[in-house]
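Hi,

Here is the structure I promised to send over. Have a look at it first, and then read on for what turned up.

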Amino acid sequence: MNVKRVLNTRSSIIYSQILSYILILLIPIIFTGIVYWVTVKTIDQETNRANLGMLKQVQLNMDNILKDAERLSFDIAFNPDIQLLATSQETNWYNKQYEVSQIVKEFKRMNITNGYIDNFYVYLKNLDAVISSTAASRSNYMYPLLVSNGIPYEQWIHTLQNTYSGRYISLDNKAHSSEDSGSLAYMRSIPISNSEKSLATIVILLNKERFTEMIQNIQLAQFGSIFILDGDNNILASTASFHLSDILQVNELGDSDTMLVKGQGKDSFIISYTKSEVSKLKYVSIVRREIVMEKSEFTEKLMIASIILCLIFGGAVSVLLTWRNYNPVRNLIRVVQNGKVKNAFDRSSNEYQFIYEAIQDALQEKEQINLKLKQQSSVVRADFLHKLVKGKFGNISVHHNAFYALDMQFISNEFIVVLLSIEEKGKLISLGAEDDFEAKSKLPSFVITNVFEELLGHRYKNFVTEIDEKIVFLVNLQDSEAEDHVQEMVSITEELQNFFGTYYNMTLTVSISDPHTGVHGMQDAYQEAVEALEYKLIAGNGTIISFQSLKHTVRDYFYPLEKEQKLVNCIKSGEFEKGKQLLDDIIHSNFIDGTPTAEMTRYFMFDLASTVVKTVKELFADEPVEKLFTCETIADLQEEITNTLSSVCNRIQAKTGNRSYELSKSIMEFVNSHYGEVTLNVAIIAEHLGITPSYMSKLFKEQTGETLPDYINKVRLEKAKVLLKEEKLNISDAAVKVGYLNSNALIRSFKKYEGITPGKYKV
């Protein structure tokens with residue numbers, strides 16, 4: 001299948017794949033275009049804001065400089081000598097020479113720290129004179145000293161005679177004026193309070209070149225031009241080499257901060273305007289758009305180039321990826337064609353359509369195979385379930401298709417395992433000489449399975465197998481957390497036991513796991529059921545044991561050396577009733593408040609059986625006691641030990657006679673009554689009973705298996721334990737009460753028989 005042949009197939013998926021890649025490629029390109037448009041707009045706005053911000057910086061710098069000029073004008077205006085001269089009716093200049101000289105001295109003392117102020121003087125109208133910080137004379141004499149920019153004398157006098165309320169003006173020659181010629185001055189009339197009648201004029205000359213130099217240091221001026229205008233839109237200062245009127249009419253400026261664009265394309269200008277509320281001066285910046293938008297144009301070119309490159313390389317990659325992704329489809333078609341399919345690939349059809357039809361044919365064939373497998377599904381399912389619950393698949397995950405193939409459709413993901421052991425098969429099987437033993441041996445399992453499924457009803461699904469001669473029911477639960485499924489299984493299995501016990505005399509032992517989830521939960525549930533079934537040695541055959549009821553088991557059993565010794569003494573002395581009561585107490589104490597684990601229960605049964613066997617074999621080697629180790633339940637062991645105890649006690653009593661037995665009993669009763677007497681010993685007991693001490697000691701040893709002094713000490717120790725533990729007596733008081741001379745005697749006996757001191761026992 002070559003490229004040309006594929007491309008000639010109009011319905012091939014390669015066309016739709018290429019189209020899909022191209023559409024995906026267009027999405028980032030479109031977004032890139034949107035980002036470019038937003039970026040350009042943002043650059044324009046930020047550039048305009050930057051221009052206006054730098055213009056504001058110029059305004060603030062100028063305001064700070066000009067405040068010094070305004071402050072100086074106020075100092076001069078409120079000078080008392082100036083006010084006297086300005087308001088005087090004297091017109092003769094020579095009559096005021098003394099006052100003038102004092103004013104000149106005062107002006108010299110004024111410290112002008114602002115480097116932007118060159119000089120200042122005051123024009124007095126009534127005297128037609130000018131006073132500066134260096135000289136004072138009539139105006140015609142001061143004119144050449146103060147005016148150096150070619151302004152005619154008449155124009156200069158006219159300017160000085162006008163009324164000013166604090167204003168910046170440009171002193172230039174109107175006949176030869178240019179926008180950047182002349183000098184800048186701040187002028188204020190005296191008196192300040194009367195704006196209609198001017199008696200004198202204060203003139204503060206500002207250094208225009210320094211203003212221009214300061215403006216040029218601003219970054220904005222490096223790319224454009226800045227103009228400073230007064231209230232009448234006269235240009236006070238500028239950094240431009242062109243006329244403002246060539247680009248902008250000042251009446252186009254508003255009262256608030258403004259940004260304008262004049263012209264079109266690259267020849268357009270960006271004009272920013274602001275007005276000072278302090279000095280009432282206007283500030284205008286003019287920048288060529290092509291300079292400001294230089295970075296924006298670079299960004300524009302970069303984005304256009306990137307879009308073109310994306311289209312070129314993205315298109316090439318789309319074609320390459322399309323062909324690479326088509327290769328698996330092509331190989332899949334080749335594999336399908338090499339298989340046993342009904343129809344060959346038709347190039348006029350779509351590749352996916354061909355694969356779809358091939359899969360449909362394979363599924364139909366699979367259905368036919370499944371129909372054949374259903375005939376043997378029960379055997380396969382039982383084997384599969386056997387491996388599943390025993391965890392023989394290991395860590396390999398079982399796919400749901402395996403359950404589907406074996407017709408194991410679950411109604412939920414919750415499971416319980418019910419394990420059933422047939423103890424007695426009863427009347428269900430009656431084999432004749434010609435009967436098929438294998439077929440009939442499977443009959444109980446078959447019948448029990450059917451009855452159990454009937455009892456479960458439609459609310460549960462059941463799957464069954466046999467493991468180690470036990471029937472395993474995997475019960476699929478309804479997905480309802482509100483129901484107690486374990487208790488319901490107990491009720492159902494009780495009905496099952498009653499049915500087979502009543503009609504077939506069968507004994508069934510049942511164990512039930514807790515609910516578990518998933519495949520691994522099946523394995524956990526089976527292990528719980530097996531563990532629960534082991535507890536039949538405690539509960540006995542024919543019982544129902546749920547794992548839930550075993551969660552509060554104890555981890556050990558209670559069979560102390562003291563109890564064991566008492567049981568041995570009872571056996572050796574032939575006291576059946578006392579021995580039987582002791583045996584019942586030992587077993588009862590281990591199972592009244594909890595249940596030991598199955599393992600601990602086996603240890604307990606072995607330990608108890610070992611005690612009886614060793615004691616009996618010591619007395620009568622021919623006594624048959626091996627059956628004790630074959631008992632399967634606690635109840636069986638208790639019954640067997642009771643029978644053995646009865647047999648041994650009968651033999652002991654027959655051997656020693658009732659008199660000997662009664663004599664030993666009397667000795668024990670006397671010791672139990674007089675243990676608190678310090679003088680209690682073998683001789684006193686023999687004297688009380690009227691027999692010799694040696695005969696009594698020998699008889700007691702034969703009857704009980706221990707010496708009489710040992711028995712006396714053990715009785716005293718048992719009583720001392722009660723006094724120390726329950727009545728909280730100290731060691732000395734307890735020793736006296738149980739018949740010891742002092743605490744040392746009690747401590748020695750404790751160490752000998754108990755292995756510890758009384759103090760440690762009391763703690």
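How far apart do the end C-alpha atoms of residues 18-39 lie, and how much of the span is helix and how much strand? This is a predicted model, by the way. In it, those end atoms are 32 Å apart, with the span being 100% helix and 0% strand.

I picked that stretch since UniProt, in an unreviewed entry, lists residues 18-39 and 302-323 under "transmembrane region". For residues 302-323, the end C-alpha atoms lie 31 Å apart, and that span is also 100% helix and 0% strand.

Next, the surface. There's a nonpolar patch made up of Leu-19, Ile-22, Leu-23, Leu-26, Ile-27, Ile-30, Phe-31, Ile-34, Trp-37, Val-38 and Leu-311, together giving about 1,100 Å² of accessible area. Helix H2 (residues 13-77) supplies the largest share of the patch, 10 residues. Take Ile-34, which sits in helix H2: its relative accessibility is 46%, so it counts as partly exposed, a class that runs between 20% and 50%.

Further along the chain, have a look at helix H27 (residues 743-753), where the buried residues are Ser-743, Ala-745, Leu-746, Ser-749 and Phe-750. Viewed down the axis of H27, they fall within an arc of 155°, so they line one face of the helix. Arg-748 and Lys-752 are exposed on the other side of H27. And what do the buried residues of H27 pack against? Their partners are helix H25 (708-725), helix H26 (731-737) and helix H28 (758-762).

Cheers

Technical notes:
Residues numbered from 1 in each chain as written. Predicted model: local features only at pLDDT ≥ 70, side-chain atom pairs only at ≥ 80, totals over all residues. Heavy atoms only, no water. Patch = residues over 30% accessible without salt bridge, like charges linked within 9 Å, V, L, I, M, F, W, Y side chains within 5 Å. Areas by Shrake-Rupley, 256 points an atom, 1.4 Å probe, with all protein chains shown as cover. Salt bridge = Lys/Arg side-chain N within 4 Å of Asp/Glu carboxyl O. Helix = DSSP H or I, 4+ residues; strand = E, 2+ residues; numbered from the N terminus. Buried < 20%, exposed > 50% of the residue type's maximum accessible area, 1.4 Å probe, protein only. UniProt positions renumbered as here; feature names shortened; annotations may be inferred. Arc of directions from axis to C-beta. Contact = heavy atoms within 4.5 Å.
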